[in-house]
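Here's a quick tour for anyone meeting this structure for the first time. Take a look at it below, and then we'll go through a pocket and a pair of domains.

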Amino acid sequence: MSTIASSPSGVRPRKQGPLVRFLRRDGAGYMFLLPWFIGFFGLTAGPALASLYLSFTSFDLLTDPRWVGAANYVRIATADPKFAASMRVTFFFVLFSVPLKLAFALLVALALNRGMRGLPWYRAIFYLPSLLGTSVAIAVLWRQLFAGNGLVNTFLANFGIEGPSWISNPNYSLSTLVILSVWQFGSPMIIFLAGLRQIPQDMYEAASLDGASKSRQFWKITLPLLTPVVFFNVVVQTIEAFKAFTPAFIISGGTGGPINSTLFYTLYLYQEAFGFFRMGYASALAWILLVIIALFTAFSFLTARYWVHYDD
Amino acid sequence: MDGNRGTEVVGLDDKRKPWVSLLLHALLIGASILMLYPLLWMLSASFRPSQEIFNTTTLIPSTVSLEAYPRGWFGLRVDFGTFFWNSLVISVLSVAGNVMACSLAAFAFARLQFRGRNFWFAIMLGTLMLPYHVTLIPQYVLFLNLGWVNSILPLVVPKFLAADAFFIFLMVQFFRGIPKELDEAAMMDGCSPWRIYWRIMLPLSMPVLATAAIFTFLWTWDDFFGPLIYLNDMRTYTVQLGLRSFVDSQGGQSDWAGLFAMSILSLVPVFFFFLFFQRLLIEGIATTGMKR
């Protein structure tokens with residue numbers, strides 16, 4: 001018995017109830033989707049709506065949620081210096097880490113795409129930090145590297161430079177996290193490399209026959225044809241940067257300090273939810289994050305038509 | 001010389017400059033050293049006496065000692081063996097859950113005809129954009145009411161419900177590349193969808209299943225946020241939580257070598273996959289654009 005084919009409606013069997021018809025035609029599909037459906041309604045859609053509701057309440061897990069209207073949002077917008085600080089920190093992080101990371105990724109990918117000998121080795125080495133990613137071990141390492149008597153300052157001391165205690169100085173602590181993010185440029189680099197390989201060689205041949213210089217070829221062929229990949233990397237890496245959590249948590253010992261200088265948005269949300277058990281307030285923060293990410297994504301897709309080159 | 005392959009072959013104006021590729025190699029080797037130095041340094045630091053960890057930039061320890069490993073292993077109230085076992089159990093179960101649940105859903109989306117398919121597929125793609133923070137708190141309340149907090153269930157059960165929609169998408173893409181004639185022929189022969197899924201699709205999809213399995217394992221192994229929220233009893237900690245407790249308990253003052261030793265051990269599974277499955281990892285990223 002085949003439930004797969006949507007039987008071309010020639011065969012009309014005897015009259016069946018709607019349920020039987022549904023099971024015969026669509027049953028298999030919905031059976032296969034059953035686990036996902038349970039997850040979607042129970043763990044995604046349901047909770048998302050619930051947190052939208054909670055964001056208008058005061059809720060501490062112990063007593064029932066109490067409706068407070070827009071009070072959470074009003075306080076976030078007008079009377080929460082920590083929210084403002086976390087926004088500043090997060091936007092600083094996104095604005096610096098994403099462009100730097102992608103610039104490195106593109107530069108190295110371009111260098112490697114020249115048919116370099118040893119490409120697999122270079123690619124592997126540059127990819128490794130990105131694979132190690134957000135593990136606590138890497139954050140621990142970073143904490144030591146940029147400590148007052150850490151590796152970086154020991155190195156600088158060789159040149160008579162006395163470096164500050166980078167991670168406990170509010171002027172530098174966030175920058176060390178930007179450096180960590182840039183260090184992990186491996187996976188966008190691999191995506192750039194794959195994109196560069198897609199560019200047909202005969203375009204370059206034709207261009208050089210017409211006497212186009214290498215740099216002209218880069219600006220007129222490579223870069224335009226790579227814009228879809230650039231676009232993809234920008235969107236993915238930006239969303240990831242907005243959600244960064246572990247390194248800031250480990251380096252600041254969960255506080256977001258010194259003086260809120262590493263208070264990533266997600267870290268602040270975590271503190272509100274699981275440090276102070278202000279679940280309603282944290283839900284409002286979560287929905288603001290969703291709106292920020294949605295606005296950013298919509299903006300990217302709307303502007304894409306002006307700078308992303310889509311080949312037919 | 002290098003540079004006489006690939007793009008450099010073409011181009012009448014290409015003067016074939018060997019010094020360019022020499023310079024490029026020099027730069028790339030320099031960058032490689034810079035990239036790897038912190039990792040190598042951490043490895044070497046785990047073999048040093050603690051007082052030697054600061055104020056040196058060399059990679060070779062003056063005396064090689066393995067003491068930090070047992071010291072770190074038993075450095076907390078609960079030993080790291082427990083943490084590693086917990087991490088392993090959670091990661092392996094997550095792999096099983098993700099591969100099963102996501103491939104079932106992907107098969108339905110890629111191959112089965114049913115009303116509402118496009119609608120649900122769009123919804124599924126939509127959930128990819130949803131930051132998990134939006135579902136975090138109600139999920140926590142749910143698991144709290146179920147009495148699941150402090151167990152691995154909140155970390156593992158969602159995987160069996162295909163909560164990582166990204167892998168559904170990945171598998172749908174792969175399944176669509178498998179010739180439809182195969183399952184159409186099987187269907188003619190009276191094969192049920194279940195048998196087509198089990199006997200035709202899955203065996204032909206080993207590359208994508210392996211990719212999904214490896215990334216699930218690595219991401220679960222590295223996950224810090226989930227365990228941080230759901231596991232409070234130290235006996236249930238994962239390796240990542242154990243490391244974090246190590247940092248906190250020592251205040252970073254005394255036993256850096258022990259901390260580094262455990263950090264290195266926590267990275268061993270990642271290195272393992274890096275060494276033996278690098279092709280799959282890199283192809284996975286190149287074809288799907290995964291974030292790490």
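## The second largest pocket

Let's start with some empty space in this predicted model. The second largest pocket has a volume of about 900 Å³. Its lining is made up of 27 residues, and the ones closest to the centre of the pocket are Trp183(A), Gly30(B), Ala31(B), Leu34(B) and Met35(B).

Which elements give two or more residues to this lining? From chain A you get helix 3 (81–112), helix 5 (136–145), helix 6 (151–157) and helix 7 (173–183), and from chain B there's helix 1 (18–45). Helix 1 of chain B supplies the largest share of the lining, with 10 residues.

## What the lining is made of

Sorted by class, the lining of the second largest pocket comes out as 25 nonpolar and 2 polar residues. As for charged residues, there are no such residues in this lining.

## Two domains in chain A

Now over to chain A, where the domain assignment gives domain 1 (18–71) and domain 2 (74–307). How far apart do the C-alpha centres of these two domains lie? For domain 1 of chain A and domain 2 of chain A, that's 33 Å.

The two domains do touch: 11 residues of domain 1 of chain A are in contact with 10 residues of domain 2 of chain A. Between them, these domains bury about 790 Å², and 63% of that is on carbon and sulfur atoms. If you're after salt bridges between domain 1 of chain A and domain 2 of chain A, the count is 0.

Conventions. Residues are numbered from 1 along each chain as its sequence is written. Chains are lettered from A and ligands numbered from 1 in the order in which they are written. This is a predicted model: local features need pLDDT of at least 70, side-chain atom pairs count only at pLDDT 80 or more; totals for chains, interfaces and linings use all residues. Side-chain values use heavy atoms; hydrogens and water are left out. On a 1 Å grid over the protein atoms alone, a cavity is a set of points where a 1.4 Å probe fits but cannot get out, and a pocket is an open set with protein on both sides within 12 Å along at least five of seven lines; lining residues have an atom within 4 Å of a point. Grid points are joined across faces, edges and corners, and a volume is the space filled by probe spheres set on the points. Helices (H or I, at least four residues) and strands (E, at least two) are DSSP runs, numbered from the N terminus. Ala, Val, Leu, Ile, Met, Phe, Trp, Tyr, Cys and Pro count as nonpolar, Asp, Glu, Lys and Arg as charged, and the others, Gly among them, as polar. Domain bounds come from an automatic or database domain assignment. Contact means heavy atoms within 4.5 Å. Buried area is the accessible area (1.4 Å probe) that two parts lose on being put together, summed over both. A salt bridge is a side-chain nitrogen of Lys or Arg within 4 Å of a carboxyl oxygen of Asp or Glu.
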